[in-house]
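This report is a short guide for a reader who meets the structure here for the first time. Please keep the sequence and the 3D view at hand while reading the sections below.

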Amino acid sequence: MLEKAIRDELSAIVGEKYLLDTPNELYAYSYDATPIHQAMPDAVVMPGSVEEVSAVLKLANAHGIPIVPRGSGTNLAGGTIPVEGGIVMNMNRFNRIYEIDKQNLTATLGPGVVTADLHQAVEAEGLFYPPDPGSMRISTVGGNMAQCAGGMRGLKYGVTKDYILGLEYVLPSGEVLRCGGKNMKDVAGYDMTRLMVGSEGTLGVITEITVKLLPLPETKRTLVAYYTNLVNAARTVETVIASKIIPATIEFLDQSTMKVVDDFAKLGLPLEMKSMLLIEQDGPEELVVRDMERIAEIAREQGAAQVHLAKTAEEGAKLLAARRSALAALSRLRPTTILEDATVPRSRLAEMVEEVERIAEKYKVRICTFGHAGDGNLHPTCMTDERDKEEIHRVEQAFEEIFHAAIRLGGTITGEHGVGMAKMNYLDLKVGEGGIELMKRIKAAFDPNNIMNPGKMFASSGRRRVVVKR
């Protein structure tokens, strides 16, 4: 618990209504969407202005109290768990879209805006914000930005970092800074905007975001292809891209995932197939029709057993909605579901899926694999039970071997979820010890007292809290 004097100061800053510290309230902020990990905060504040954020940070910095910025808590890397206690700063009151600028094709908003609400608002103006993480109906743009979230449209349109033009942010000292803006070109000094994106709350608190928008695509169509093996599906992806066709989405599901999703969504999928691809293209109608005809042709050439083009937009949307339901469907099978996001170059996709299958068999754990085949981002998902300590140990061994396999194939330990707590022990596999030391020096320049989301990305300082199991 916080000292009474500090609690009173927090209450004076944000108001008693927006200071939470009863046991039940603290418990609600002791975990996020990441399984197994949990730790209790000392207080939760819900500031409503940049001035309040600044004042809270000054107070915390003066007393060495950890600050954990938080949106909706949907991240899958343990990024918002208060592992060293302190204050969770919930930013969901910053939930307004301040401006949709149709001349500059930008939107300016608070970090607490729900991603799907931004989609709806800009699409009503004939505009388009492409990043579409699976949690977009719950997650906030600020949380997406902190983790550099991806999504199903990443192949054609990129990820969150590709759409962040400018920020207002607050340092631990309380100083309010701005970087970037509405300019499409800006090389004045270091790119602080890109540095803040993906920083996982370890450098400062974001209070305003300016994003880039695109014209809303004229039309879109969806195709599904089924395969009797994994290799032909992977070769289809490679050949489509090599043919200079960049679909909006290429999604992959293995047979195990197909079975669970079909049971959940009742789609009537051919469950004897080993894998499937869901491919969507958008843009001018003539181009979309031409691309989809060629993609269907490529799929057949590469050994697809069945190829179907959705007859209506509704049918296509239903197929993609089923893909988005994969995690929810898998989560019904066992008490604990651990979803990861190892990523490899597209050309190594089949090898990586085969490695996951081999590793799952080696450690006798159930892993289903789905993901964004177009950009090599796979989601090996393990259904387990955290109460079974022996099984959890095998799951941890399996994922460690999966991360090593991804690195060996020229990939990375995370394509869109971030490092957080879940993968900080593997970060050196990707960036090396020298890279970690450089990152630590950057953090120290922003946060010399290490109050910003400590115990994430790098080894914990171990100040006083121990993560407990839920």
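## Charges over rings

In this predicted model, Arg93 lies over the face of Tyr18, at a distance of 3.5 Å from the centre of the ring. A further arrangement of this kind involves a lysine: the charged end of Lys212 sits over the ring of Tyr163, and the distance to the centre of that ring is 5.1 Å.

## Aromatic pairs

How many aromatic pairs does the structure hold? There are five aromatic pairs, and one of them is formed by Phe128 and Tyr157, whose ring centres are 5.2 Å apart and whose planes stand at 85°, so that the pair counts as edge-to-face, given that this class takes in planes over 60 degrees apart. This pair links distant parts of the chain, since Phe128 belongs to strand S8 (residues 127–128) while Tyr157 belongs to helix H6 (residues 154–157), with their positions 29 residues apart in the numbering. Phe128 has a relative accessible area of 3% and is buried, and Tyr157, with a relative accessible area of 14%, is buried as well.

In the pair of Phe403 and Tyr426, the ring centres are 4.9 Å apart and the planes make an angle of 55°, so the pair is described as tilted. Phe403 is found in helix H14 (residues 389–408), whereas Tyr426 is found in the loop between H14 and helix H15 (427–446), and the pair therefore ties together parts that are 23 residues apart in sequence. Both Phe403 and Tyr426 are buried, and ring pairs join these two residues with Phe399 into a cluster.

## The seven-stranded sheet

An open sheet is built from seven strands with antiparallel pairing, and the order of the strands is S16-S13-S15-S14-S18-S19-S17. At its edges are strand S16 (306–309) and strand S17 (336–339), each of which pairs on one side only. On average, and with direction ignored, neighbouring strands of this sheet are turned by 15° against each other.

Within the sheet, strand S14 (residues 249–254) and strand S18 (residues 366–372) pair in the antiparallel sense over three bridges. Leu253 stands opposite Phe370, a residue of S18.

## Helices packed on the sheet

Helix H9 (residues 255–265) packs on the sheet and touches strand S13 (219–227), S14, strand S15 (275–283) and S18, while the direction of H9 makes about 95° with that of S14. Helix H13 (residues 349–363) also packs on the sheet, where it touches S14, S18 and strand S19 (377–384), and the direction of H13 makes about 15° with that of S19.

## Two residues with positive phi

Most residues other than glycine have a negative phi. Against that background, Lys364 has a phi near 55°, a positive value in a residue other than glycine. Lys364 is placed in the loop between H13 and S18. Is Lys364 buried or exposed? With a relative accessibility of 57%, Lys364 counts as exposed, because the class begins over 50%.

Met457 likewise has a positive phi, near 70°, and is a residue other than glycine. The place of Met457 is in the loop between H15 and strand S20 (468–469). At 11% relative accessibility Met457 counts as buried, because that value is under 20%.

Key:
Residues are numbered from 1 along each chain as its sequence is written. This is a predicted model: local features need pLDDT of at least 70, side-chain atom pairs count only at pLDDT 80 or more; totals for chains, interfaces and linings use all residues. Side-chain values use heavy atoms; hydrogens and water are left out. Rings of Phe, Tyr and Trp (its six-membered ring) pair if their centres lie within 6.5 Å; planes under 30 degrees apart count as stacked, over 60 as edge-to-face and the rest as tilted. Helices (H or I, at least four residues) and strands (E, at least two) are DSSP runs, numbered from the N terminus. Buried means under 20% relative accessible area, exposed over 50%, partly exposed in between (1.4 Å probe, protein chains only). A charge sits over a ring if NZ of Lys or CZ of Arg is within 6 Å of the ring centre and within 35 degrees of the ring normal. Two strands pair if DSSP finds at least two bridges between them. Axes are lines fitted to C-alpha atoms, for helices over the stretch in contact, and angles run from 0 to 180 degrees between N-to-C directions. Contact means heavy atoms within 4.5 Å.
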